[in-house]
Amino acid sequence: MLVLEAIRDRILHGDYPEGTPLRQDAIAAELGVSRIPVREALRQLEAEGLVSFSPHVGAIVSTLSLDEIREVFELRALIEADLLRRAFPHLTREVLDRAEAVLDDYEEALEKGDVRAWGTLNWLFHSTLYLPERHPLAINIVQQLHNHSDRYQRMQLKLTHGETRANREHRAILSAVREGEQQHAISLLSSHILGAGRGLIEFLRSQREAPLDETARETK
């Protein structure tokens, strides 16, 4: 489990970018373990969609197409809106205070420029509102969807300074929940997720097309 968490953390935080070969010997030496737990961890990460295996290359960090990323955010919007709807009658002041404390930590991470904390705190805020103890299977699915997009989204936030907008939208969602405005809170949540997806797709399209544009100019 420690090896699994270590490799997953490196992928989610961009230490292993998309398309990076994951050499079992090198990772085993880096973590001070044998190849067996590394191989098992990579198979688990393949099941999570973070790693893929190529016959001639071995394990590599998965690359999501723009259409796949769009689908991830559309699925998130559907599932998370339903989770919030089902959780709404059971959200106590204690739960909402925990969610607000997460946002306070998120703001502190923003001030420090702690990019590594953003994705973790983002997921913690969302999942706190969904009462994971009541919906463990749905939460597990949503967390995997978060993992698929988190490494890309963290890079986008860092380079475009979109983290302030995300924080503002989180505060608005929490405020609507505190006021008991269920439909408004769900609408804000759905708009927040779909808007983040659109922004990420636009960002990645520009990033992925830039090298092609540069090559085209060089060949003229």
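Here's a short tour of two empty spaces in this predicted model, one a pocket and one a cavity.

**Stop one: the second largest pocket**

Start by selecting L12, T120, Q143, N147 and D150. Of the 13 residues that line the second largest pocket, these lie nearest its centre. The space you're looking at has a volume of about 240 Å³.

Now colour three helices: α1 (2-12), α6 (115-129) and α7 (136-160). Each of them gives two or more residues to the lining of this pocket. Which element gives the largest share of the lining? That's α7, with five residues.

Next, try colouring the lining by residue class. You'll find seven polar residues and four charged ones, along with two nonpolar.

**Stop two: the cavity**

Rolling a probe the size of a water molecule over the atoms shows where empty space is left. How many cavities of 30 Å³ or more does the structure hold? Just one, and its volume is about 160 Å³.

To find the spot, select Y106, N122, Q153, L157 and A166, which lie nearest the centre of the cavity. The full lining runs to 15 residues. Then show α6, α7, α8 (163-178) and α9 (182-219), the elements that each supply two or more lining residues here.

Switch the class colouring on again for this lining: six residues are nonpolar, five are polar and four are charged.

**Last look**

Keep α6 and α7 on screen and hide the other helices. Both give two or more residues to the pocket lining, and both do so for the cavity lining too.

Terms used:
Residues numbered from 1 in each chain as written. Predicted model: local features only at pLDDT ≥ 70, side-chain atom pairs only at ≥ 80, totals over all residues. Heavy atoms only, no water. 1 Å grid on protein atoms, 1.4 Å probe; cavity = no way out; pocket = protein on both sides within 12 Å on 5 of 7 lines; lining within 4 Å. Points joined across faces, edges and corners; volume = space filled by probe spheres on them. Helix = DSSP H or I, 4+ residues; strand = E, 2+ residues; numbered from the N terminus. Nonpolar A, V, L, I, M, F, W, Y, C, P; charged D, E, K, R; others polar.
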